[in-house]
Amino acid sequence: MIELLSETAAVQEPQRIRGLEMPWNRVMGTTEGPAGAARALGPWHPQEFMAECVETVPEAGGMMTFVFRRCDGAPLAFRAGQYVNIAFPVNGEDQEPVDRSYSLSSSPTEPWTFSVTVKRDAGGLVSPWVHGNVRPGTVLDMLGPVGAFHLPDADRRARYLFLAAGAGITPIMSMLRTIHDLPGTADVVVLYHGAEAGGFAFHKELAYIASVDSRVKVFYALGDRGRPEEWEGFKGRLSAAMIDEVAPDANGRQVYACGPEGYLNTATELLKKVGVDDTSIYMEFFSGDRQTLLEYQAELAHAADIAEEIAEEIADSAEDYYESQPAAFGMYEPGYDEDGTLQASGLPLEAVDPDAPASTEAAAPEAATPDASSFDTVGTGSLTLSFLRTGINVRIDPEEHILEVAQRAGVRIGANCKEGMCGSCKVVKLSGDIDMNHQGGIRKREIDAGKFLPCCSTARTDMVIDA
């Protein structure tokens with residue numbers, strides 16, 4: 001026994017190659033023609049595909065992991081931290097599906113299956129349906145991978161600080177699993193905030209990784225709510241002192257943070273205080289900040305003549321925002337109504353008897369399409385964009401992105417990533433031709449229905465737009 005203990009004490013750290021490199025990195029950089037199988041593992045572009053659920057795994061904190069495989073048998077090539085957009089038949093198979101984006105929690109080093117982890121929000125539309133209806137054998141329509149929040153393809157230093165709160169652990173878990181699977185030197189610190197001692201998702205796996213991988217250190221923190229006496233982790237909200245304690249060299253690390261809006265806003269300020277440069281901070285925002293959302297909703301609510309339609313759009317927008325954001329918890333709970341909706345004002349609606357005979361005399365006249373020739377025209381350029389709802393013509397040059405020019409002219413179009421990924425600026429093109437270079441923020445069926453993303457589109461001809 002004494003001899004065995006001395007041998008254990010003499011165990012040395014493993015020798016590793018320098019830095020981290022993703023398995024597809026050399027395939028992407030090769031001058032040779034890579035084989036088809038190798039090329040399939042490179043995360044080149046988002047794709048539309050069908051995927052079958054093969055397993056469900058309950059997690060702590062009201063979350064559930066859903067494991068999928070592509071129905072076409074191909075691997076899902078993605079970068080650790082990215083997400084997929086999933087169409088859920090919440091209202092029935094014969095109705096238009098509801099799209100939601102969820103971070104991938106699995107590692108791209110095991111691409112034949114992939115996982116998303118969903119936090120159940122009792123007041124949400126989609127997440128309760130997902131928890132109650134997605135089972136092994138369920139097939140769903142997906143689009144992905146999408147997102148710029150991910151680890152680099154190669155990093156010679158590979159020194160990271162991961163900050164996660166609540167369901168924000170999901171993309172961080174993908175990153176951590178990836179690093180653990182790869183050879184190479186790395187130095188990783190994880191600081192994970194939770195609402196209650198038993199609510200840390202993946203806590204068993206996190207403990208295992210930290211125990212067997214000397215490159216990884218994991219710390220836990222509880223907020224301002226009650227804590228059990230035996231709690232040994234950090235206490236209280238995220239603070240500069242807390243960051244200094246877990247990572248005194250934070251200003252020499254790449255920082256990836258994911259969590260509720262309030263948490264991320266706090267993290268941004270604290271990271272500046274401890275000397276982390278903006279270029280080293282990466283944060284996962286599925287939606288724009290609250291002010292952008294509220295301004296867009298308020299602008300829409302003023303359109304009284306289309307009150308019912310606008311109310312639906314506002315509800316959808318708020319639902320997208322609150323379900324795509326990692327679920328908030330007590331210490332970072334926003335100081336505003338979590339329903340996130342505004343009451344649209346407008347003309348009173350009257351019930352119509354569908355069996356009543358049609359009468360051309362009594363029928364209300366159909367709303368006439370506005371005559372764009374009567375709109376004021378602003379800007380300069382060789383092409384004209386006519387925005388019917390706003391009632392304005394905007395002149396634009398073919399090389400200019402439509403969203404930027406439209407917003408300068410006062411056209412209210414919601415926008416967040418402005419890179420063709422999130423889909424928040426989606427509008428309907430009634431006529432005209434565009435060039436669109438999106439990054440997965442819109443589906444083929446939506447394009448076929450006339451929708452487009454103005455943030456990544458340029459006009460080829462004069463256009464009429466429903467905005």
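In this predicted model, six strands line up as an open sheet in the order β12-β11-β10-β9-β13-β14, and their pairing is parallel. The two ends of the row are β12 (234-235) and β14 (281-283); each has a single partner strand, so one side of each goes without a neighbour in the sheet. Within the row, β9 (residues 159-165) and β10 (residues 187-194) run parallel and are joined by seven bridges. Leu163 sits opposite Leu191 of β10. Helix α6 (residues 203-212) packs on this sheet, where it touches β10 and β11 (216-222), and its direction makes about 145 degrees with that of β11. Another facing pair puts Leu161 opposite Val189 in β10. Strand β10 itself is mostly covered, with seven of its eight residues buried.

The same part of the chain turns up again in the nonpolar packing. The largest nonpolar core holds 35 residues, and those touching the most other members are Leu151, Tyr160, Phe162, Val188 and Tyr192. Two or more residues come from each of β9, α5 (169-181), β10, α6, β11 and β13 (254-258). The biggest share is that of α5, which puts in six residues. Val188 gives a good feel for the surroundings: leaving out residues up to four places away in sequence, Val188 touches Tyr160, Phe162, Leu176 and Ile179, along with Arg215, Val216, Lys217 and Arg253. There is also a second, separate core, made of 26 residues, with Ile392, Ile413, Val427 and Met463 among them.

Helix α5 deserves a look of its own. Its 13 residues should span 18 Å at 1.5 Å a residue, and because the end C-alpha atoms are 18 Å apart, the two values agree. Most of α5 is covered, since eleven of its 13 residues are buried. The buried set includes Ile169, Pro171, Met173 and Leu176, and also Thr170, Ser174, Arg177 and Thr178.

Helix α8 (residues 261-273) also has 13 residues, and the distance from its first C-alpha to its last is 19 Å, close to the 18 Å expected at 1.5 Å a residue. The residues of α8 that are buried are Glu261, Tyr263, Leu264, Ala267, Leu270 and Leu271. After α8 comes Gly275, which has a positive phi, near 90 degrees.

A further open sheet of six strands follows the order β15-β17-β16-β22-β18-β20, this one with mixed pairing. At its edges are β15 (376-378) and β20 (451-452), and each of these pairs on one side only. Strands β16 (residues 383-387) and β17 (residues 392-396) run antiparallel, with five bridges joining them. One of the facing pairs is Phe387 with Ile392, its bridge partner in β17. Phe387 also makes contact with Ala406, which is in contact with Val411 and Ile413 too, once neighbours within four places in sequence are set aside.

Ala406 belongs to helix α11 (residues 402-408). Its relative accessible area is 0%, which is under the 20% cut-off, so Ala406 counts as buried. Asn393 lies 13 residues from Ala406 in sequence, and their C-alpha atoms are 9.5 Å apart in space.

Thr138 offers a case outside the helices and strands: its place is the loop between α4 (127-133) and β7 (139-146). With a relative accessible area of 18%, Thr138 still falls under the 20% cut-off and is therefore buried. Apart from residues up to four places away in sequence, Thr138 touches Ala51, Glu52, Cys53 and Asn133.

Stepping back to the whole protein chain, the secondary structure adds up to twelve helices and 22 strands. Of the 467 residues, 46% are buried. Among contacts with a separation of 6 or more, 68% are between residues 24 or more positions apart. The chain exposes about 23,500 Å², and 49% of that is supplied by carbon and sulfur atoms.

How values were computed. Residues are numbered from 1 along each chain as its sequence is written. This is a predicted model: local features need pLDDT of at least 70, side-chain atom pairs count only at pLDDT 80 or more; totals for chains, interfaces and linings use all residues. Side-chain values use heavy atoms; hydrogens and water are left out. Helices (H or I, at least four residues) and strands (E, at least two) are DSSP runs, numbered from the N terminus. Buried means under 20% relative accessible area, exposed over 50%, partly exposed in between (1.4 Å probe, protein chains only). Contact means heavy atoms within 4.5 Å. Accessible areas come from the Shrake-Rupley method with a 1.4 Å probe; for residues, only the protein chains shown count as cover. Two strands pair if DSSP finds at least two bridges between them. Axes are lines fitted to C-alpha atoms, for helices over the stretch in contact, and angles run from 0 to 180 degrees between N-to-C directions. The expected span of a helix is 1.5 Å times one less than its number of residues. A nonpolar core is a set of buried Ala, Val, Leu, Ile, Met, Phe, Trp, Tyr and Cys residues joined through side-chain atoms within 4.5 Å.
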